[in-house]
Amino acid sequence: MKKETKILLIIPAYNEEENIEKTYSEIIKYNKKKNNHYDVIVINDGSKDKTEDILKLNNIPHINLIHNLGIGGAVQTGYKYALENDYDIAVQFDGDGQHDINYVKDMVKPIIDGKADFVIGSRFVKKISKFQTTHARRIGINIISFFIKLFTGKKIYDTTSGFRACNKDIIKMFANGYVTEYPEPITTVQVLKNKYRLEEIPVEMKERTGGVSSIHTWKNIYYMVNVILSIIVVSMRRYNK
Amino acid sequence: MTLNLKLVILLFSFLFIFVIFYILRKGRMPIKYALVWLFGLLVLLIISFIPGLMSTITKLLGFQTPSNMIFAMLIGILLFINIALTIIISGQNEKIRLLIQEVSMTKNDKKTDNNSKKGKK
């Protein structure tokens, strides 16, 4: 008989007092309904609001970062936790209500079946998601997509999706080194360059129900330049795999 | 090269070296970081000490006047030191991030943890 796969949901949270409880209770509800157990770890990235109190009050498993690290540093803490506690699969899941717990099963499946090492939950594959994104953001995502295709040869549609699942090898890789700034597209390149098998799976995303998105409009050009340069640099690195 | 310029460079270099040694004596900078500065100043001193060297280099590199070359050299040295500093800062950022993560995780370990029913290693 196969050993049961241990699955961890990594939820980075920065000033998510409005959403985090709802997100967590939905996961618990789902676990009960499907007789499942996804473990959860919320990484509280030095929130300035009541996020920490809410986490404590509701007994939500969490790690409080003693200082704000930014999304990359927070998520990496989650991967370190996953590695330390010997999880087989880690799923990055947003705390702001954008991601739907019902899709985690689909995302984890290719990894359990051994068909993929890394799975991205995508808004743009098959377009089952009603909520797409703003026009400007879409253009940005397409440009990043083009550069990833140029440097790795693989077409990724939703390059900025924060809904991702990965297996143990990649947990280890991320725990040891994770891009701290704008991690999503860059880590995708890192995964591809290391010759891991990547799969993009259609998921539905909701518009965020509260809080403020971490990407601001006026930073967009800086963001694009930064991401494109990083893609080039990460592609030029040597990998021994 | 005029004697005046030579004197200015000498004076400037010695003053700077004095300042660095003062800082070092007070223990406010480790020697490894001071070395970069001392090395730059040493280059400057050597060039101004050896007669004829400055004019030769100036002509060789196509500068109009020795003072121009001194400027360019100083900018070069500063650029080099700046890049070195950026690398040092990045390394420290990395270490700080690691510290924050590890300390936060250790703090969390002490508290009860809902995920680990079987107990951790």
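Helix 2 (residues 31–49) of chain B gives the largest share of a nonpolar patch, three residues. The patch sits on the surface and consists of B:Phe14, B:Leu42, B:Ile46, B:Phe49 and B:Ile50, with about 500 Å² of accessible area together. Keep in mind throughout that this is a predicted model. One of the patch members, B:Leu42, lies in helix 2 of chain B. B:Leu42 counts as partly exposed because its relative accessibility is 47%, which falls between the 20% and 50% cut-offs.

**Helix 1 of chain B**

Now for helix 1 of chain B, which covers residues 3–25. How far apart should the ends of this helix be? At 1.5 Å a residue, its 23 residues should span 33 Å, and the end C-alpha atoms are indeed 33 Å apart, so expectation and model agree. The buried residues in helix 1 of chain B are B:Ile9, B:Leu10, B:Ser13, B:Ile17, B:Ile20 and B:Leu24. Just after this helix comes B:Gly27, with a positive phi of about 75 degrees.

**Aromatic pairs in chain A**

Over all chains, the aromatic pairs number 10. Take A:Tyr79 and A:Phe174: their ring centres are 5.0 Å apart and their planes meet at 65 degrees, so this pair is edge-to-face. The two rings come from distant parts of the chain, with A:Tyr79 in helix 3 (residues 71–84) of chain A and A:Phe174 in helix 6 (residues 168–176) of chain A, 95 residues apart. Are these two residues buried or exposed? A:Tyr79 has 0% relative accessibility and therefore counts as buried. A:Phe174 is also at 0%, so A:Phe174 counts as buried.

A second pair, A:Tyr81 with A:Tyr87, is stacked, at 6.4 Å centre to centre and 25 degrees between the planes. A:Tyr81 and A:Tyr87 are both buried. There is also an aromatic cluster, made up of A:Tyr79, A:Phe118, A:Phe174 and A:Tyr178.

Charged side chains turn up over rings too. A:Lys6 lies over the face of A:Tyr87, 4.5 Å from the ring centre. Likewise, A:Arg138 lies over the face of A:Phe124, at 3.8 Å from the ring centre.

**Salt bridges**

How many salt bridges does the whole structure hold? The search turns up seven over all chains. Here are some of them, with the distance between the closest N and O atoms:

| Residue | Partner | Closest N and O atoms |
|---|---|---|
| A:Glu52 | A:Lys56 | 3.6 Å |
| A:Lys168 | A:Asp88 | 3.6 Å |
| B:Arg97 | B:Glu94 | 2.8 Å |

Start with A:Glu52 and A:Lys56. They are four residues apart in helix 2 (residues 51–57) of chain A, so about one helical turn separates them. A:Glu52 counts as partly exposed because its relative accessibility is 31%.

The bridge between A:Lys168 and A:Asp88 has a longer reach in sequence. A:Lys168 lies in helix 6 of chain A, while A:Asp88 is in the loop between helix 3 and strand 4 (89–92) of chain A, so the pair ties together parts that are 80 residues apart in sequence. A:Lys168, at 32% relative accessibility, counts as partly exposed. A:Asp88, at 15%, counts as buried.

Over in chain B, B:Arg97 and B:Glu94 both belong to helix 4 (residues 66–110), three residues apart, which is about one turn of the helix. B:Arg97 is buried because its relative accessible area is 9%, whereas B:Glu94 is partly exposed, with 45%. Back in chain A, salt bridges with shared partners join A:Asp86, A:Asp88 and A:Lys168 into one network.

**Strand 1 of chain A**

Last stop: A:Leu8, which lies in strand 1 (residues 7–13) of chain A. A:Leu8 has a relative accessible area of 0% and is therefore buried. Which separation goes with A:Leu8 and A:Ile89 in space? Their C-alpha atoms are separated by 6.3 Å, although the two residues are 81 residues apart along the chain.

Conventions:
Residues numbered from 1 in each chain as written. Chains lettered and ligands numbered in written order. Predicted model: local features only at pLDDT ≥ 70, side-chain atom pairs only at ≥ 80, totals over all residues. Heavy atoms only, no water. Helix = DSSP H or I, 4+ residues; strand = E, 2+ residues; numbered from the N terminus. Expected span 1.5 Å × (residues − 1). Buried < 20%, exposed > 50% of the residue type's maximum accessible area, 1.4 Å probe, protein only. Phe/Tyr/Trp six-rings, centres within 6.5 Å; stacked < 30°, edge-to-face > 60°. Lys NZ or Arg CZ within 6 Å of the ring centre and 35° of its normal. Patch = residues over 30% accessible without salt bridge, like charges linked within 9 Å, V, L, I, M, F, W, Y side chains within 5 Å. Areas by Shrake-Rupley, 256 points an atom, 1.4 Å probe, with all protein chains shown as cover. Salt bridge = Lys/Arg side-chain N within 4 Å of Asp/Glu carboxyl O.
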